Amino acid sequence: MYHVAKASEFLVVTGIFINDIKITKKAIIWPFQKCRIIDVTPVNYTFEVNAMSAEKLAFLLPAVFTIGPRVDDHECLVKYAKLLSHHKRDSHDVMELVKGVIEGETRVLAASMTMEEIFRGTKEFKKEVFEKVQLELDQFGLLIYNANIQQLVDVPGHEYFSYLGQKTQMEAANQAKVDVAEAKMKGEIGAKERQGLTLQNAAKIDAETKIIATQREGEGKKQEIMVKSQVQIFENEKAADVAEANAELATKKAGWAQQAKIAEVEAEKAVAIREAELQKEVERKNALAKTEQLRAQLLSKASVDYEIKAQEANSELYKKQKAAEAAFYEKQKAAEAQRVAAEAQLYSKQAAADAELYAKRKEAEGMVAIAEAQGVYINTLLTSLGGNYHAFRDYLMINGGMFKDIAKINAEAIKGLQPKISVWANGGEGMDGAAAGNSAMKEIASVYRALPPLLETVNEQTGMLPPAWVGSLSSSRSSQPAN
């Protein structure tokens, strides 16, 4: 759906294919997208700010601020659309926000100035408030289009301006009385001084007037003589000019009479020539009229035939154009449907890939965390065991049940062997004391006594026979085993 905003409005579009928000004047709203209209017309906010000066004197500051979004800055429009566009422009929330910013900055500024500085420097005070408030409103994307701060007003119970007005009024009245007395004194003294100066100046002016009158009289006579001589010269020059003009006029009159006669003759001849030309033109026009009449008859018939054929051709062309437009519109809609389906499929695949990537990443992070924990565990054990690697290895084997597993494996290995244990005796205990007394022979006899049962056991367990140089096993034992 196609949306277009008014001159004082903007469109805020969110949804699929838009990372954050999109602010524009016109846009096509696709499925899974939302569009909201924001009005950027400035609004007037009127309120009174309670403030206190550096002397701790309270006063009221009536103010009217015209505030609206900054339309020439895209970043400010984005801030306004995110933070304040869901409120009405004249709502209580926006009013409280603006009022809070203005009151805070005004109070801070007023607390650093005396009442006299605020009252006398209203222009500078207004400029400071304007700049500081604008700095705070920048974070909301707002702009102060106009700020009007009225005269300061007393707070009930703190009539500073009333007392200041009375003081000023009394000072003005007293000063007026002093000024009247001083003016009266100066007037009396000045009157006397003016009378003396008047008499002195009158005498001086009379003397100067007589001198000037004498000088002016001589200059007047001299000027009169000069004027009379100039007038006489001028009159002589004019008389000569008049005589020259009369002679020139007579010459021109003779020439004009001659030209008049020539003009009369030429006019008569021109009339005769014009009559002949007009007669010729009449005959030519008659011939042209007959030709045009014949041409019109033939042309009208040809025009009718042409219009009939043109209408038929236009009708056929219109039908073909409509058919072509219908086919083009159908193909365009099919292409748009395929594009939307492809975008939806791409979005679903991208979401699945993102989910799988997130799961793999979390699994890898878990393995890293387990490895780090095992490393900390091993370092802690080694530190506790004083860095003894063998004690650490034995502890891990015991804690992991390795000895138990080894015993179980050994038991499984010898299961079913059914070993046969025999104790042999060769009667050596019955030897006489002389034979038993020899210790060297006793050791050798012990070795030879151990060989027969060893060889017999090996034979029974494995089926192997001893080599011939050792001896052979008989079916009957030379010595009986004692169980």
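The paragraphs below lead from the whole chain to a central strand, then to a helix residue beside the sheet, and finally to a patch on the surface.

This is a predicted model, and the protein it describes contains 9 helices and 9 strands. Of its 483 residues, 16% are buried, and the accessible surface of the protein comes to about 37600 Å², with 60% of that area belonging to carbon and sulfur atoms. Among the contacts in the protein with a separation of 6 or more, 59% are accounted for by residues 24 or more positions apart.

A useful place to enter the fold is strand β7, which spans residues 58–69. Because 11 of its 12 residues are buried, β7 is largely enclosed by the rest of the structure. Strand β6, made of residues 43–52, pairs with β7 in the antiparallel sense, and the pairing extends over 10 bridges; within this pair, Glu 48 stands opposite Pro 62 of β7. The two strands form a hairpin in which 5 residues lie between β6 and β7, and in that turn Lys 56 has a positive phi of about 65°. Strand β7 is also joined to strand β8, residues 142–149, by 7 bridges, and these two strands likewise run antiparallel. In this second pairing, Val 64 stands opposite Asn 148 of β8. In a regular strand the side chains alternate between the two faces of the sheet.

From β8 one can pass to helix α4, which covers residues 122–137 and includes Gln 134. What does the side chain of Gln 134 reach at 3.1 Å? It is the backbone oxygen of Leu 142 that the side chain of Gln 134 reaches at this distance. When neighbours within four places in sequence are left aside, Gln 134 is in contact with Arg 70, Leu 142, Leu 143 and Ile 144. Gln 134 counts as buried because its relative accessibility is 10%, whereas the cut-off for a buried residue is under 20%.

Helix α9, residues 439–462, offers a view of the surface through Leu 454, which has its place in this helix. Leu 454 is exposed, since its relative accessible area is 51% and the class begins over 50%. Leu 454 also contributes to a nonpolar surface patch of about 680 Å², which is made by Ile 444, Val 447, Tyr 448, Leu 451, Leu 454, Val 458 and Met 464.

How values were computed:
Residues numbered from 1 in each chain as written. Predicted model: local features only at pLDDT ≥ 70, side-chain atom pairs only at ≥ 80, totals over all residues. Heavy atoms only, no water. Patch = residues over 30% accessible without salt bridge, like charges linked within 9 Å, V, L, I, M, F, W, Y side chains within 5 Å. Areas by Shrake-Rupley, 256 points an atom, 1.4 Å probe, with all protein chains shown as cover. Salt bridge = Lys/Arg side-chain N within 4 Å of Asp/Glu carboxyl O. Helix = DSSP H or I, 4+ residues; strand = E, 2+ residues; numbered from the N terminus. Buried < 20%, exposed > 50% of the residue type's maximum accessible area, 1.4 Å probe, protein only. Pairing = 2+ DSSP bridges. Polar contact = N/O pair within 3.5 Å; in protein donor to acceptor, adjacent residues only side chain to side chain. Contact = heavy atoms within 4.5 Å.
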